[in-house]
Amino acid sequence: MRQVTGLTSTYSSDEFGICSALFELGGLVVMHDASGCNSTYTTHDEPRWYDMDSMVYISAVSEIEAIMGDDDKLIRDVVSAARELKPRFTALIGAPIPYMIGTDLPAVAGIVEEETGIPSIGFPANGMGLYTKGISMALAAVTERFAQGETGRSREPSMNVIGLTPLDFSLNGTAESIWRWAEALGFRRGACMAMGSSLDEISRAGEAHVNLVVSYGGLEAARILERRYGTPWIAGVPFGKAFAERLGQLVLEAAGTGGREMAAYRSVPRAGAAGRDPAPNPARDAARGKESPLLVVGESVYSASFAAAVELELNIPTRVLCPVDTEDVLLREGDRRTPEEDDLIEAFRGAERVAADPLFRQLVPETAEFFDLPHEAFSGRIYDRVNRNMVDVPLDGFIFGGTKAPRGKGPRG
Amino acid sequence: MLKLAIYGKGGIGKSTTTGNLAAAFAVLGKRVIQIGCDPKADSTINLLGGTPAVSVMDYMREHDEEPERLDEIAKEGFGGVLCIETGGPTPGLGCAGRGIITTFSLLEDLELFETRDPDVVLYDVLGDVVCGGFAAPIREGYAEDILIVTSGEKMALYAANNICQAVKNFEDRGYASVKGIILNRRNVENEREKVEAFAAERGLPILADIPRSDDIIRFEDEGKTVIEGGPDLPVSRIYLNLARRLLADEEGQKGQDT
């Protein structure tokens, strides 16, 4: 059945993707909807909520305001809050109610900006799109609006990381590991969109020599920087030793020549291809004996990078199943989009090995090996205890190290 | 690109006016798109020989997903006019206004303007500006000018006033503005005077004065606009002159802008 999720969970929404991407940037972020959205976001989708201040609010639109289309109250409230809180920008985010009554949030944001002089952005989200779309909209808007003006390249080679949010990467040290990997390649830290960087740092994103796109959410922002500053982008997350090296080479080449835009894993030959014969390993060889590939489920750049790392390092065939927004340029040939729960049920039929968020176990045959890859945008904080920084986890230890658990015996199972 | 939204009371002749105007622009050699924004989905029927296009809402109802190609929801009619209908929900259910907004964002996703590169886009909008969805055609990026179709009848002028008021409410949002009135005669007493008084009070010109015409009705019965059926008829010349005037105004505007 289409658009029905009966056995698992749903991914975080576009509204929360926007909130997550803007969380650290000093803006006044207002979800325009009845009360409830904010507590869902802060409870399930925002691990930074209790440790970091951020001006994320809900407008608490009432029934009569919705019927009357009373935008004036929203404008008055936002203008008043903005004058008091003096944010760097205001962001007005659509949700189901404004979506249904057709509120023109970009126009409302224009009025707020006119009245306050504070840059204001209206996002036509609706709470029904996926977080991936929200992150993409938010990072693209911030880049479009703030990363502009003439700028030269930094003297030392530098890199921006784009598309990094806790929804895809949690707070398990992955962000820091990616930076350490970049620094080891000789790059100075540029801007991170959007964990650990200020809006001022993002406004200087044009200085970087290369952009590392670590999720679909960062792709559009990277394209804007490519158009505006000619900055090349490479998509990938440095998982595993061999793939991290390959990604590093591509990033260095792109930073040097300034002319490469691609997902690093797309050029990785499929496992079993001639010319690659890793050192003997009995556990791995037993795993290779299985006929069907390891199915990796999740966000496209994360999952395809992980899959490519497994193929390069362990020579185990993989296929990525991507249930969220992506583009063909971010998938390898043979990988699939699986937007419906039914698509996944079909894809899992006969599967022998699956790496996915633990909530997907319900769909996987009991005979299959299951490897936990918790995904904050899907299961929130439920699996925090086993949500590991996969950049630092040795891949063979993960695949053969016994982290798998049969259905019903998960961390909270 | 000339982008016009045609508003007016239900049944006043908006679709007839829009279809004839689209045909007139096409006869003048322009690439035209007409988008009907009415759940009845009959705005473009006289450009299509009486066979309506599949509306966007009907497509989505049938397929339960958005179309991936423009040709699934757009059909070329007389003079190459590209005809699109938003359509709407089953009468009495759902939200027709939302249907218009959804259609517009879909057309944006399908890159309608980029791929067709039209000279003229006409939005034929149901009745009054009753909710947010019916204001969508005048939002930034869509129509730039509004034409209000009215007769001298009291309720038609009442609706025309509501439209002017709605547009005024949006003046701080960068929306379209009212360009003028099209008088579509119903042969009421002192009709021209009544509409002139209405227009003068709001500082609006009467851009065209269209007589009640049996020719229009006759050709509509054949699934045609009067421009197609009788291009030399006096009423056709009125539509053609209106089209020329609108194009000339746009040229003049372009000249001022540069």
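Let's start with one cut-off: a residue is called buried when its relative accessible area is under 20%, exposed when it is over 50%, and partly exposed in between. Keep in mind that you are looking at a predicted model.

**Exercise 1. Strand β5 of chain B**

Task: Work out whether the residues of β5(B) are buried or exposed, and find which strands pair with β5(B).

Solution:

Step 1. Look at which way the side chains go. Val120(B), Leu122(B) and Asp124(B) point one way from β5(B), while Val121(B), Tyr123(B) and Val125(B) point the other way.

Step 2. Check both sets for cover. All of these residues are buried. That makes six of the six residues in β5(B) (residues 120-125), so the strand is largely enclosed by the rest of the structure.

Step 3. Now look for the neighbours. Strand β1 (residues 2-8) of chain B runs parallel to β5(B), and five bridges join the two. One spot to click on is Leu4(B), whose bridge partner in β5(B) is Leu122(B).

Step 4. Do it again for strand β2 (residues 32-37) of chain B. This strand is also parallel to β5(B), with six bridges joining them. Here you can pick Ile33(B), whose bridge partner in β5(B) is Val121(B).

Step 5. Stay on β2 for a moment and find Cys37(B), which is found in that strand. With a relative accessible area of 0%, Cys37(B) is buried. Its C-alpha atom is separated by 9.8 Å from that of Phe104(B), and those two residues are 67 apart along the chain.

**Exercise 2. Three salt bridges**

Task: For the salt bridges of Arg48(A), Glu327(A) and Arg61(B), find where the partners sit and how far apart they are in sequence.

Solution:

Step 1. Recall the basic idea: side chains of opposite charge can pair when their charged atoms come close. Over all chains, the structure holds 37 salt bridges.

Step 2. Take Arg48(A) and Glu24(A), whose closest N and O atoms are 2.7 Å apart. Arg48(A) lies in the loop between α2 (37-45) and β2 (55-58) of chain A, and Glu24(A) in the loop between α1 (14-22) and β1 (28-31), so the pair ties together parts that are 24 residues apart in sequence. Both Arg48(A) and Glu24(A) are buried.

Step 3. Move on to Glu327(A) and Arg223(A), which meet in a salt bridge of 2.8 Å, N to O. Since Glu327(A) is in the loop between β11 (318-322) and β12 (336-337) of chain A and Arg223(A) is in helix α11 (residues 219-229), this pair ties together parts that are 104 residues apart in sequence. Glu327(A) counts as partly exposed at 24% relative accessibility, and so does Arg223(A) at 21%.

Step 4. Finish with Arg61(B) and Asp58(B), at 2.5 Å, N to O. These residues are three apart in helix α2 (residues 56-63) of chain B, so about one helical turn separates them. Arg61(B) is partly exposed at 45% relative accessibility, and Asp58(B) is partly exposed at 36%.

Step 5. Some salt bridges share partners: that is how Arg270(A), Glu311(A), Arg332(A) and Asp335(A) join into one network.

**Exercise 3. Backbone oddities**

Task: Say what stands out in the backbone at Ser170(A), Ala41(B) and Ala194(A).

Solution:

Step 1. Know the usual pattern: most residues other than glycine have a negative phi, and most peptide bonds are trans.

Step 2. Check Ser170(A). Its phi is positive, about 55°, although it is not a glycine. You'll find Ser170(A) in the loop between α8 (166-169) and α9 (174-184) of chain A, and it is buried at 6% relative accessible area.

Step 3. Check Ala41(B). Its phi is positive too, at about 55°. Ala41(B) sits in the loop between β2 and α2 of chain B and is buried, with a relative accessible area of 14%.

Step 4. Check the peptide bond from Met193(A) to Ala194(A): it is cis, with omega near 0°. Ala194(A) belongs to the loop between β6 (188-193) and α10 (199-203) of chain A.

**Exercise 4. A charged patch**

Task: Which residues form the negative surface patch?

Solution:

Step 1. The patch is formed by Asp70(A), Asp72(A), Glu114(A), Glu115(A) and Asp172(B).

Step 2. Zoom in on Glu115(A), found in helix α6 (residues 105-116) of chain A. At 42% relative accessibility, Glu115(A) counts as partly exposed.

How values were computed:
Residues numbered from 1 in each chain as written. Chains lettered and ligands numbered in written order. Predicted model: local features only at pLDDT ≥ 70, side-chain atom pairs only at ≥ 80, totals over all residues. Heavy atoms only, no water. Patch = residues over 30% accessible without salt bridge, like charges linked within 9 Å, V, L, I, M, F, W, Y side chains within 5 Å. Areas by Shrake-Rupley, 256 points an atom, 1.4 Å probe, with all protein chains shown as cover. Salt bridge = Lys/Arg side-chain N within 4 Å of Asp/Glu carboxyl O. Lys, Arg positive; Asp, Glu negative; His and termini not counted. Charge placed at Lys NZ, Arg CZ, Asp CG, Glu CD. Helix = DSSP H or I, 4+ residues; strand = E, 2+ residues; numbered from the N terminus. Buried < 20%, exposed > 50% of the residue type's maximum accessible area, 1.4 Å probe, protein only. Pairing = 2+ DSSP bridges.
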